[in-house]
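Biologist: I'd like to learn how to read a model like this one. Could we start with charged pairs and then move on to the sheets and cores?

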Amino acid sequence: MARSSSGLVAGLTAAALATVGFLAYRAQATVPHGLGGRPGASATPAASASKAPRDKRHPTALPGGSGTGERVVYSVDDDRVWLVGAGNRVENTFRVSPGDVDPPPGTYVVTSRSKAITGTDGLPVEHVVRFTSVNGVVIGFSAAVEESPPDTGLGTAVKTGGIRETRPDGEAMWMFATIGQKVVVIR
């Protein structure tokens with residue numbers, strides 16, 4: 001009996017692995033072109049890495065050269081986000097706290113979202129909006145559910161790409177940045 005039950009377990013395991021592999025293949029095959037989330041994917045050339053012009057009198061004003069149309073604009077130098085609606089109208093702007101890894105300047109699209117997960121720093125986060133990855137580190141916006149420091153023992157070896165917002169700003173981002181929404185990263 002032991003031989004037949006071990007054979008049954010091996011068969012079921014093989015069938016489960018084949019099913020998971022098939023489902024993963026199907027999920028990847030149905031991702032629309034341009035939403036594949038390739039690491040560091042950018043639609044703009046590296047020449048755009050210079051700092052976008054700023055209005056010195058209005059530091060929260062949308063920087064020139066930050067694209068057109070509806071979009072999220074993220075300045076890695078200013079740690080600020082602008083949610084830009086139709087007619088180039090700023091619907092919201094707020095400060096953020098970046099992770100250890102910055103995305104390179106360029107144009108991206110929102111590739112995935114999660115309502116609530118645990119961040120790589122061990123904190124529960126909500127309203128996660130991802131748009132790229134850099135050297136295997138996923139980059140996206142999120143809001144920490146609690147304001148307490150992480151208790152993970154991860155040390156400095158773990159690199160984080162979470163761009164943290166306040167909970168109200170995270171809610172605004174969640175409502176604005178759906179799958180396929182343009183994200184423009186500037187200096």
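Modeller: Sure. A salt bridge here is a side-chain nitrogen of Lys or Arg within 4 Å of a carboxyl oxygen of Asp or Glu. Keep in mind that this is a predicted model.

Biologist: How many salt bridges does that rule give?

Modeller: The count comes to four. One of them joins Asp121 and Arg164, with the closest N and O atoms 3.1 Å apart. Asp121 sits in the loop between E5 and E6 while Arg164 belongs to strand E8, so this pair ties together parts that are 43 residues apart in sequence.

Biologist: Are Asp121 and Arg164 buried or exposed?

Modeller: Both are buried.

Biologist: And which residue meets Glu126 in a salt bridge?

Modeller: That's Arg167, at 2.7 Å from N to O. Here too the pair links distant parts of the chain, with Glu126 in strand E6 and Arg167 in helix H2, 41 residues apart. Glu126 counts as buried because its relative accessibility is 13%, whereas Arg167, at 40%, counts as partly exposed.

Biologist: What about Arg89 and its salt bridge?

Modeller: Arg89 pairs with Glu91, and their closest N and O atoms are 3.9 Å apart. Arg89 has 53% relative accessibility, so it counts as exposed. Glu91 has 44%, so it counts as partly exposed.

Biologist: Let's turn to sheets. What should I look for?

Modeller: The general idea is that strands of a sheet pair through backbone hydrogen bonds, either parallel or antiparallel. In this model, one open sheet has four strands in the order E5-E6-E7-E8, and its pairing is mixed. Strand E5 (112-118) and strand E8 (162-165) are at the edges with a single partner strand each, so one side of each has no neighbour in the sheet. On average, neighbouring strands of this sheet are turned by 30° against each other, ignoring direction.

Biologist: How does E5 pair with E6?

Modeller: They are antiparallel, with six bridges, and E6 covers residues 124-134. Ala116 stands opposite Glu126 in E6, and the bridge partner of Ser112 in E6 is Arg130. The hairpin of E5 and E6 has five residues between the strands, and Gly122 there takes a positive phi near 90°.

Biologist: And on to E7: how many bridges does E6 form with E7?

Modeller: Seven, again in the antiparallel sense. Arg130 stands opposite Gly140 in E7. The hairpin between E6 and E7 has two residues between the strands, with Asn135 taking a positive phi near 50°.

Biologist: Why is E6 described as largely enclosed?

Modeller: Ten of its eleven residues are buried, so the rest of the structure largely encloses E6. Helix H2 (residues 167-176) also lies across E5, E6, strand E7 (137-144) and E8, at about 55° to E6.

Biologist: Arg130 has come up twice. What is the nearest side chain of opposite charge?

Modeller: Glu165, but it is 12 Å away, and Arg130 is buried without a salt bridge. Leaving out residues up to four places away in sequence, Arg130 touches a set that includes Val109, Val110, Ile117, Val138 and Ile139.

Biologist: What is the strand order in the five-stranded sheet?

Modeller: The order is E3-E2-E1-E9-E4, in an open sheet with mixed pairing. Strand E3 (90-95) and strand E4 (106-109) stand at the edges with one partner strand each, so each has a side without a neighbour in the sheet. The twist averages 20° from one strand to the next.

Biologist: Where in that sheet should I look for a hairpin?

Modeller: Look at E2 and E3, which have five residues between them, with Gly87 at a positive phi near 70°. These strands pair in the antiparallel sense over five bridges, and Val84 stands opposite Val90 in E3.

Biologist: Last topic, the nonpolar cores. Which residues touch the most other members of the largest one?

Modeller: Of its 23 residues, those are Val72, Tyr74, Val81, Phe131, Phe141, Met173 and Val183. Strand E1 (71-75), strand E2 (80-84), E6, E7, H2 and strand E9 (182-186) each supply at least two residues of this core. A second, separate core has five residues, among them Val73, Trp82, Val184 and Ile186.

Biologist: What does Val81 contact, beyond its neighbours within four places in sequence?

Modeller: Its contacts include Val72, Tyr74, Phe94, Phe141 and Met173.

Notes:
Residues are numbered from 1 along each chain as its sequence is written. This is a predicted model: local features need pLDDT of at least 70, side-chain atom pairs count only at pLDDT 80 or more; totals for chains, interfaces and linings use all residues. Side-chain values use heavy atoms; hydrogens and water are left out. Two strands pair if DSSP finds at least two bridges between them. Axes are lines fitted to C-alpha atoms, for helices over the stretch in contact, and angles run from 0 to 180 degrees between N-to-C directions. Contact means heavy atoms within 4.5 Å. A nonpolar core is a set of buried Ala, Val, Leu, Ile, Met, Phe, Trp, Tyr and Cys residues joined through side-chain atoms within 4.5 Å. Buried means under 20% relative accessible area, exposed over 50%, partly exposed in between (1.4 Å probe, protein chains only). Lys and Arg count as positive and Asp and Glu as negative; His and the chain ends are not counted.
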